Amino acid sequence: MIRFITAGESHGPCLTAILEGFPAGLQLDIDAINRELARRQQGYGRGGRMKIEQDKVEITAGVRFGQTLGSPITLTIHNKDWANWQERMAVSGQPQGSPVTAARPGHADLTGVQKYDRQDIRDILERASARETAARVAVGGVAKQFLHGLGMNIVSHVTNIGGAAVDRQDIDYRFIANEWTGSDLNCVEPAVEEKMKRAIDAAKQRGDTLGGIFEVAVLNVMPGLGSHVQWDRRLDTRLAAALMSIQAIKGIEIGAGFTFAGLPGAQAHDEIFYDQSAGYYRKTNHAGGIEGGMSNGETIVARAVMKPIPTLMTPLASVDISSREQVVANTERSDVCAVSAAAVVGEAMTAIVVAEAVLEKFGGDSFGDVLAAIDHYRKRISR
Ligand SMILES: Cc1cc2nc3c(=O)[nH]c(=O)nc-3n(C[C@H](O)[C@H](O)[C@H](O)COP(=O)(O)O)c2cc1C
Ligand SMILES: C=C(O[C@@H]1CC(C(=O)O)=C[C@@H](OP(=O)(O)O)[C@H]1O)C(=O)O
């Protein structure tokens with residue numbers, strides 16, 4: 001079983017993740033994890049914070065001479081911005097600076113202070129902030145390398161920002177580089193990406209924000225990950241939950257997703273064929289690589305929609321939590337749009353779910369055991 005938790009406030013000293021369940025003997029490339037962290041920081045429309053941070057992971061447990069030991073792995077990312085927040089975020093002493101009291105609609109602010117009995121919204125927003133996703137991407141970096149070692153690859157691209165959308169069914173995921181392609185928004189169509197950028201410019205001009213949609217794909221997956229036998233073992237259940245756990249994500253589709261509503265069965269389902277060398281295959285992939293809660297061997301495809309960023313520079317109406325007076329919401333330095341960053345987080349969460357499903361099916365305390373079990377399985381299902 002893979003499990004991990006993260007800790008850390010957005011403007012505290014660091015973010016930390018403790019990760020357990022990966023086998024021993026996995027070769028870890030720290031630079032590759034740092035490249036994932038750098039990809040998460042990019043994207044047109046991101047705010048001033050990303051100019052301050054240069055996220056790098058520090059590993060303080062679970063790895064020796066570049067290989068996992070099978071023991072818990074501790075991953076830390078230091079916040080450079082901490083230097084500017086030491087007084088306001090001190091662990092001890094008296095509160096410094098004025099409290100944040102004007103709750104932002106769409107953020108955790110108001111409900112958080114009610115639930116946790118806080119008088120300063122900062123006590124909530126610091127942890128609600130998606131800064132936390134840097135820790136998840138570091139964890140996902142380990143999971144990605146595990147999957148890489150088994151021949152699997154996870155990619156993502158942005159399909160819609162503020163209504164500027166890629167309208168194509170023929171995306172060839174093999175050609176979406178697993179690295180950041182150099183394009184500003186990780187969109188496969190340059191003309192659409194231009195429209196997305198202009199929409200972000202216009203939103204920024206208005207003091208407004210945008211959301212959008214990203215798509216994640218898992219290539220070269222073996223059939224049989226997840227299970228039909230129990231609700232919480234279904235791979236689609238777990239993938240949807242993991243993607244939905246990303247801050248601001250409000251909807252998930254697997255494969256044809258919501259367009260299934262308009263399709264008759266004859267057009268919805270992927271017919272099955274067999275080839276001596278390729279084995280079973282489908283000519284279409286409306287199922288998005290998952291049937292009956294199990295990977296079916298086709299590319300896994302999931303999409304997630306992100307709501308617009310809640311911090312608006314032209315703020316919405318709100319209430320001051322100390323005076324109960326009608327005010328406008330708090331404004332802080334903020335992203336205007338972060339869909340391409342969320343896509344990188346989506347890759348990480350997908351990698352964690354798929355890696356966990358692999359380890360559940362194939363077990364193994366050492367990476368070699370996992371490889372041997374997969375080899376045995378592949379031989380059996382090809383007979
Ligand atoms: C990568 C990423 C960056 C984000 N940046 C900001 C931001 O700069 N300002 C902001 O108000 N919200 C930002 N958000 C969204 C908030 O974190 C999110 O809306 C908030 O935590 C409330 O959670 P909910 O949207 O899931 O209800 C970001 C989300 C992600 C995934
Ligand atoms: C720090 C990150 O994202 C942050 C997510 C975020 C929020 O409210 O979710 C608010 C902003 O933080 P700050 O107030 O420091 O500018 C974003 O920059 C990051 O992605 O690393």
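## Helices H1 and H5

The crossing of H1 and H5 is right-handed. This is a predicted model. H1 covers residues 30-41, and H5 covers residues 133-148. Their axes come within 9 Å and cross at roughly 140 degrees. That angle makes H1 oblique to H5, because only angles over 145 degrees count as roughly antiparallel.

On the H1 side, the contact is made by Ala-32, Ile-33, Glu-36, Leu-37 and Arg-40. H5 brings Thr-133, Ala-134, Val-137, Ala-138, Gly-140, Gly-141 and Gln-145. By class, this contact has six nonpolar, four polar and two charged residues.

## Helices H7 and H9

A second helix pair packs at an angle of about 150 degrees. The pair is H7, residues 235-244, and H9, residues 339-362. Their axes lie 9 Å apart. With this angle, H7 is roughly antiparallel to H9, since angles over 145 degrees are counted that way. H7 passes H9 in a right-handed crossing.

Which residues meet here? H7 offers Leu-235, Arg-238, Leu-239, Ala-242 and Leu-243. From H9 come Gly-346, Met-349, Thr-350, Ile-352, Val-353 and Ala-357. The contact of H7 with H9 divides into eight nonpolar, two polar and one charged residues.

## Around ligand 1

Ligand 1 is surrounded by 21 residues. The closest are Ala-130, Gln-247, Thr-311, Asp-335 and Ala-338. H9 supplies the largest share of this shell, with three residues. H9 is also the helix that packs with H7.

What classes make up the shell around ligand 1? Eleven of its residues are nonpolar, eight are polar and two are charged.

## Around ligand 2

The shell around ligand 2 holds 13 residues. Arg-49, Ser-129, Ala-130, Arg-131 and Arg-333 come nearest. Ala-130 is also among the closest residues to ligand 1.

By class, the shell around ligand 2 has two nonpolar, five polar and six charged residues.

## The whole chain

The protein chain has ten helices and 17 strands. Its C-alpha atoms fill a box of roughly 70 × 50 × 40 Å, taken along the principal axes.

How does the radius of gyration of the chain fit a compact globule? The chain has 383 residues, so a compact globule would have a radius of gyration near 21 Å. The protein chain has 22 Å, which agrees.

Conventions:
Residues numbered from 1 in each chain as written. Chains lettered and ligands numbered in written order. Predicted model: local features only at pLDDT ≥ 70, side-chain atom pairs only at ≥ 80, totals over all residues. Near = placed C-beta within 6 Å. Nonpolar A, V, L, I, M, F, W, Y, C, P; charged D, E, K, R; others polar. Axes fitted to C-alpha atoms, helices over the stretch in contact; angles between N-to-C directions. Helix = DSSP H or I, 4+ residues; strand = E, 2+ residues; numbered from the N terminus. Parallel < 35°, antiparallel > 145°, perpendicular 65-115°, else oblique. Left-handed = near helix turned anticlockwise from the far one by under 90°. Contact = placed C-beta atoms within 7 Å. Rg over C-alpha atoms; globule rule 2.2 N^0.38 Å.
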